[in-house]
Amino acid sequence: MLEQQGALRTAGSGALVLGIETSCDETAAAVVRDGRDILSNVIASQVDLHRHYGGVVPEIASRKHIELIMPVIDLALKEAGIGPEEVDAIAVTYGPGLVGALLVGLSAAKAMALALGCSLIGINHIEGHIYANFLEHRQVEPPLVCLTVSGGHTDLLYIDEYGHYDILGRTRDDAAGEAFDKIARVLGLNYPGGPEIARLAVDGDPEAIDFPRGLMDADTYDFSFSGLKTAAINYIHTIKQRGADLPVADIAASLQAAIVDVLTSKTMTAAQAYGVKTVLLSGGVAANDSLRRHLRELAGMHGIKVYYPTRVLCTDNAAMIACAGYYRYRRGERSPWDLNAVPNLRLGEV
Ligand code: KG4
Ligand code: ZN
């Protein structure tokens with residue numbers, strides 16, 4: 001994927017990277033200077049459009065991205081107070097994600113980079129989520145263990161150097177965010193379900209229902225949330241059939257506890273096995289307060305520090321893409337003009 005496209009226009013300092021992200025249902029553009037100063041971070045969420053359907057409708061997402069992409073980019077440049085000719089590189093998500101959605105951002109990025117004569121850098125969305133941490137926590141350095149938890153992914157990674165990912169485990173079925181979203185839908189809650197469950201869980205008893213913790217004690221770093229999903233849906237249906245009131249807060253708290261238990265336990269096992277002193281959380285589910293708190297508490301007992309991005313940088317945004325792009329730009333990496341969208345792109349793959 002990456003090749004040289006001429007010399008660095010700006011060697012090191014003051015490099016302005018325009019990030020573009022359209023992998024799912026947020027149309028986002030951001031300008032980041034030197035991989036850390038966020039000059040603008042525009043996110044046009046389509047959540048209200050998709051909420052009606054209980055999840056993201058790919059065709060609707062692509063169409064909306066087409067409408068929004070140029071206004072969002074224009075606004076990002078305007079808010080950053082720069083003209084397009086000042087951009088040194090354009091970093092764009094090229095996978096994983098919805099193919100039609102990815103192609104909108106990618107086409108805009110290629111057209112702009114060609115017209116402006118600046119560098120094009122394709123970024124893996126998951127790498128972007130990880131780099132959201134480097135935007136904010138400048139002291140963080142590998143080696144570290146990173147848990148990436150989003151609507152589409154649950155990956156446990158060992159990172160021994162920047163840009164090098166050892167995938168220790170991943171979900172065998174549903175992602176953690178997907179489990180939140182699907183169970184929330186059966187509960188009649190709004191999409192996306194993660195924040196809704198987290199909000200309701202505050203008033204519930206996390207021990208009220210003993211939901212399964214898939215693979216928690218198994219000798220693997222892999223995850224599985226489909227058993228939890230089935231158990232929760234069966235539980236909800238049984239109560240509904242009886243005509244009784246759903247204990248929504250208790251279900252939310254118990255469900256969240258089951259997910260958080262598995263995520264924290266595997267992450268801590270990996271952190272100790274690899275002897276790291278730093279753990280990162282990234283992805284939309286990293287916005288979950290209970291996950292943040294439990295992991296911090298557990299890690300603190302072992303002298304391990306936990307970092308996570310501020311909430312707005314946990315969920316999809318383009319500042320994280322610009323940040324990841326900056327480090328590749330600095331290393332002289334460039335993407336070819338025929339870069340294509342790769343819906344199933346894996347970390348470390350080019
Ligand atoms: O990273 P992201 O914005 O998009 C993907 O790359 O998938 O993650 C979205 C996911 C959704 O499943 C959403 O329910 C979940 O992150 N999420 C949360 C919270 N905020 C977002 N899950 C649990 N608690 C939250 N506070
Ligand atoms: Zn994401």
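Helices here are DSSP runs of H or I, at least four residues long, numbered from the N terminus. I need that before anything else, since I keep calling elements by number. Also for the record: this is a predicted model.

**Entry 1, His50**

I started with His50, which sits in helix α1, residues 47–51. Is His50 buried or exposed? I got a relative accessible area of 0%. The cut-off for buried is under 20%, so His50 counts as buried.

Next I asked what the His50 side chain touches. It makes a polar contact of 2.8 Å with the side chain of Gln46. The His50 side chain also reaches the backbone nitrogen of Val57, at 3.0 Å.

**Entry 2, ligand 1**

Then I went to the ligand. I listed 17 residues around ligand 1, and those coming nearest are His129, Gly151, Asp181, Gly194 and Asn288.

I looked up three polar pairs, each ending on an oxygen atom of the ligand. For Asp181, a polar side-chain atom lies 2.7 Å from an oxygen of ligand 1. For Gly194, a backbone N or O atom is 3.0 Å from a ligand 1 oxygen. For Gly284, a polar backbone atom is 3.1 Å from an oxygen atom of ligand 1. How much of ligand 1 does the protein bury? On its own the ligand exposes 550 Å², and the protein buries 88% of that.

**Entry 3, the shell**

I sorted the shell residues around ligand 1 by type and got 5 nonpolar, 10 polar and 2 charged. Going by helix, α4 (125–136), α5 (176–186) and α6 (193–201) each put in at least two residues. The most comes from α5, with 3 residues.

Where does ligand 1 lie relative to the domains? Domain 1 (2–131 + 313–330) and domain 2 (142–310) both give residues to the shell, so ligand 1 lies between them.

**Entry 4, the core**

Last, I pulled up the largest nonpolar core, which has 49 residues. Leu156, Ile197, Phe211, Phe225, Ile259 and Leu263 have the most contacts inside this core. The elements giving two or more residues to the core include the strands β6 (144–149), β7 (154–161) and β9 (278–282). On the helix side, α5, α6, α7 (226–242), α8 (248–273) and α9 (289–300) do so too. Which element has the largest share? I found α8, with 12 residues of this core.

One thing I noted while cross-checking: α5 and α6 are on the list for the ligand 1 shell and also on the list for this core.

Conventions
Residues are numbered from 1 along each chain as its sequence is written. Chains are lettered from A and ligands numbered from 1 in the order in which they are written. This is a predicted model: local features need pLDDT of at least 70, side-chain atom pairs count only at pLDDT 80 or more; totals for chains, interfaces and linings use all residues. Side-chain values use heavy atoms; hydrogens and water are left out. A residue is near a molecule or strand if one of its heavy atoms lies within 4 Å of it. A polar contact is a pair of N or O atoms within 3.5 Å; within protein, one must be able to donate a hydrogen and the other to accept it, and residues adjacent in sequence count only if both atoms are side-chain atoms. Accessible areas come from the Shrake-Rupley method with a 1.4 Å probe; for residues, only the protein chains shown count as cover. Ala, Val, Leu, Ile, Met, Phe, Trp, Tyr, Cys and Pro count as nonpolar, Asp, Glu, Lys and Arg as charged, and the others, Gly among them, as polar. Domain bounds come from an automatic or database domain assignment. A nonpolar core is a set of buried Ala, Val, Leu, Ile, Met, Phe, Trp, Tyr and Cys residues joined through side-chain atoms within 4.5 Å. Buried means under 20% relative accessible area, exposed over 50%, partly exposed in between (1.4 Å probe, protein chains only).
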